[in-house]
Amino acid sequence: MKCLNMILLFVTLAIGATAEASVRTCEPIKVAMCKNIGYNQTGMPNLARHTLQVEADVTLQTYSPLVQYGCSSQLHLFLCSVYVPMCTDKVALPIGPCRGLCESVYSRCYPVLRGFGFPWPSELDCSLFPAENNHEHMCMEGPGERMPPIGTIPLDAATTTGRGACRRLVKPNSWVWVRGTGRCAQFCDAEVLWEAGERRAAEVWLATWAALSFACTLAAVGAQLACGDRGGAGERALVLVALCRCAAAAGWGVRAAAGRSAAGCAKDSMSPTRMLLAHDGLANPNCAVVFLLLYYFGLAASVWWVVVAGAWRASVLRPPANPGTARNDRHSSLLQLAAWGVPAALAAAVLVTRDVDADELTGTCFVGNQSSKSLLALVIIPEAICLLLGSVFLASGLRAILQRPAPVPAPTALLNTPPQPHTDQSLLRLGAFAALYAVPSTCILVTWIYEYTWRDDWLAAPVPSMEPSTQPRPAFWVFLFRIFATQILGVMVAVWIATPRLKALWRRISGPTKPAMAKCPAGPPQAPLTLQCYAAHAHTLPRHPHKYATYRPPQHQSYRKPRHYHYSAGETIL
C-alpha cells in the first residue's frame, strides 16, 4: 500500500513539473503586430488558449481596424498582453494585463464596437484578469491613457457632427478640430496616408523635374526673345504657354527652397506652439505665393493651349490667306483677356473662400488637397473644360485636313498659273504640338479624378470587423506620375519652341555663307544660237518650206499649240 502511494506521488510531481515546464517555455515574439511592444519573449499557450503564435496572429488581425480607429491608446498593449503575453524564466505563468488596464480599454472601445453592432469578446472579459499587480499574480498595468491633444474630440462626441468628424477619420489622434474653418486639420508631422520615406522620395522627385522644367522653359523663352520673330497667333500663344510653365516651375522651386514646414505648415490659432498642415493659405505667406504660382499660371497655360489649338484650326480652315491672321490679331485682346482673366478670377475666388491647403505628400500648397468639393469645382472641372475645347479644335482641324482634296498637277510653266497651296511646315509642327500636349494633360486630369474618387475612402476610419481587413491606401506611383506629367509639359513646350529658334539664332550669329561661284571657261565667245521651227507633222514640210524657215517667239502672252523647236546644235526643247 505504501509503495502504491509513493508511485502516485511521484507521478503527480512529474506531471506537475512537466506542466510547469511547458508553461515556462519562452520563445521570441513572431507576431508582427506585437513586436517592439516593450518585451520580446512570450509563452504559449496564451490567455486565449492558443498554442501557436500563428493562431494568435490571425486573431489579432481582426482587431486591426479597431486599433487604427484609435479608441484607446492602450488597446494595442492590452491585445498583445492577452494574445502574446509576456514570458520570463523567473515567473511560472505568463504575465497578462491587469483588470484596471482591461476596464480602461473596455470603457473607451466597447461603445465603438456596440455602435457597429459587435459584442465584447468573451476572452477579453475583465473578470478573468488579476485585480492588481503583486507577488502572487503579476500583471501589466499599462502606462495609462494619454491625454488627447488639445482640440481633439472625446469619445462621447464621436456620434455628433462637427467635432466628431475628426473621430471618423483614420488615425484620429493625428487630427485636430479647427473652429475657424469648421473642419479637421492634420498635424504637420503626422503620417496619415504617407510614410516618411515616401515623403522624402517625392520631394527629391519633385525638385529634380521642377528644376529641369524651369531651366528648359527659361531657355526657350530667352531664345524666342533673342530671335525676335513673333510669328502668327499660334506661335505667340505657344511662347506664352512656355512662360506660364516656367512660372509654375518657379512655384515648385519656392516650395523646395522654403522647406516643408515653412511652406506647407502653419501655427494653430488656438495653440501657437502647435504646427498644423496648412489649411488656410492666407495664414502663411509662403503657402500663398506657392499657390498663386502653381494654380494661376498652371491654369493659364491650359487656356493658352486652347488658344494654340484654336489658332491651328483657323489656319487649317484658311491656309494661304491673310484673313486668318488678321482675324486672330483683331481678336487678340479678347484672347488675352480670357487667357489671363479666367485664371485670375478663379484664383481670387479661392483666396476669398480661404480654400488654399497643403498636400501631405510634398507639403505643397494648392487648392483641393484637403477638400474634395474644392478639388472638383476648382481643379477638375476647369481643366476638363480646357481639355474638351482643345480636343474639339484639334478634331475639327484634323477633319478639315482629311477632307481637303488632293492638289491636281497642272502645266504651270505653259499656263502661267500660280502654284498650288501646300501645307506649311510650321503649321504641321503647331498641330503636332497641340496634339502631343493633350496626352500629358489627360493623364494629369485622370490622376485628379482618381484622387477625388478615392480620397474619402483613404481618410475614413476602418470599420471594426471580426474578419481581417486592410485599410485602402493611395497608390504612390500615381502621385509621382502626376508630378512627372506636370513638369514634362514644360520640357516639351520648351523643346518644341527652342529647336527652330536656336537654329535661327545660330544662323544669325554665324552669318550667312555665300555659295562659291563657278568659273567660266576661258575662250572666244560662242556664237548666238539660231532657232528654227518645224511643224509637228513631217508631211507638211514640202508644201510650205518658206513658212517654217525661221521663227521668232511671240512677245505677248497667248496660248498656242505646243510645237517642237530645234537649236542649230540639234537640241530639242518645248
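N46 touches A56, V82, Y83 and P85, leaving out residues up to four places away in sequence; a contact here means heavy atoms within 4.5 Å. The residue is found in the loop between β2 (41–43) and α2 (53–61), where helices (H or I, at least four residues) and strands (E, at least two) are DSSP runs numbered from the N terminus. This is a predicted model, in which local features need pLDDT of at least 70 and side-chain atom pairs count only at pLDDT 80 or more, while totals for chains, interfaces and linings use all residues. Residues are numbered from 1 along each chain as its sequence is written, and side-chain values use heavy atoms, with hydrogens and water left out.

**Surroundings of N46**

- N46 counts as buried because its relative accessibility is 5%; buried means under 20% relative accessible area, exposed over 50%, and partly exposed in between (1.4 Å probe, protein chains only).
- The C-alpha atoms of N46 and Y83 are separated by 5.7 Å, with their positions 37 residues apart along the chain.
- A polar atom of the N46 side chain lies 2.9 Å from the backbone nitrogen of R49.
- A polar atom of the N46 side chain also lies 2.6 Å from the backbone nitrogen of H50.
- Such a polar contact is a pair of N or O atoms within 3.5 Å; within protein, one must be able to donate a hydrogen and the other to accept it, and residues adjacent in sequence count only if both atoms are side-chain atoms.

**Confidence**

- The mean pLDDT of the protein is 76, and 71% of its residues reach 70 or more; pLDDT is the predictor's confidence in each residue, from 0 to 100.
- Among the elements, strand β10 (residues 365–367) has the highest mean pLDDT (92), and helix α13 (residues 412–415) has the lowest (44).
- Residues 320–328 have pLDDT below 50, and this stretch has 6 contacts in the model beyond near neighbours in sequence.
- Residues 533–541 also have pLDDT below 50, with 13 contacts beyond near neighbours in sequence.
- Where pLDDT is low, the predicted coordinates should not be read in detail.

**Nonpolar cores**

- The largest nonpolar core has 65 residues, of which Y295, W304, W305, V308, V367 and Y437 touch the most other members.
- Helix α9 (residues 285–317) gives the most to this core, with 17 residues.
- A nonpolar core is a set of buried Ala, Val, Leu, Ile, Met, Phe, Trp, Tyr and Cys residues joined through side-chain atoms within 4.5 Å.
- W304 touches A237, L240, V241, C244, L335, Q336, A339 and W340, not counting residues up to four places away in sequence.
- Apart from the largest core lies another, of 36 residues, including I29, L75, L79 and L113.

**Salt bridges**

- The whole structure holds 5 salt bridges, each defined as a side-chain nitrogen of Lys or Arg within 4 Å of a carboxyl oxygen of Asp or Glu.
- E198 and R473 form one, with the closest N and O atoms 3.5 Å apart.
- This pair links distant parts of the chain, 275 residues apart: E198 is in helix α6 (residues 196–227) and R473 in the loop between α14 and α15 (476–510).
- E198 is buried at 17% relative accessibility, whereas R473 is partly exposed at 43%.
- In the salt bridge of E360 with R199, the closest N and O atoms are 3.1 Å apart.
- E360 lies in the loop between β9 (356–358) and β10 and R199 in helix α6, so this pair ties together parts 161 residues apart in sequence; both residues are buried.
- The E203 and R255 side chains meet in a salt bridge of 2.9 Å, N to O.
- Because E203 is in helix α6 and R255 in helix α7 (residues 233–258), the pair ties together parts that are 52 residues apart in sequence.
- E203 is partly exposed, with a relative accessible area of 28%, and R255 is buried, at 5%.
- E451, R455 and R482 are joined into one network by salt bridges that share partners.

**Annotated spans and helix α14**

- An unreviewed UniProt entry lists residues 288–312, 333–354, 374–395, 430–450 and 475–498 as "transmembrane region"; UniProt positions are given in the numbering used here, feature names are shortened, and annotations may be inferred rather than shown by experiment.
- Residues 430–450 are 100% helix and 0% strand, with end C-alpha atoms 31 Å apart.
- P440 lies in helix α14 (residues 425–459) and is buried at 12% relative accessibility.
- Beyond neighbours within four places in sequence, P440 is in contact with A485, I488, L489 and M492.
- S441 is also in helix α14; leaving aside neighbours within four places in sequence, S441 is in contact with L387 and L489.
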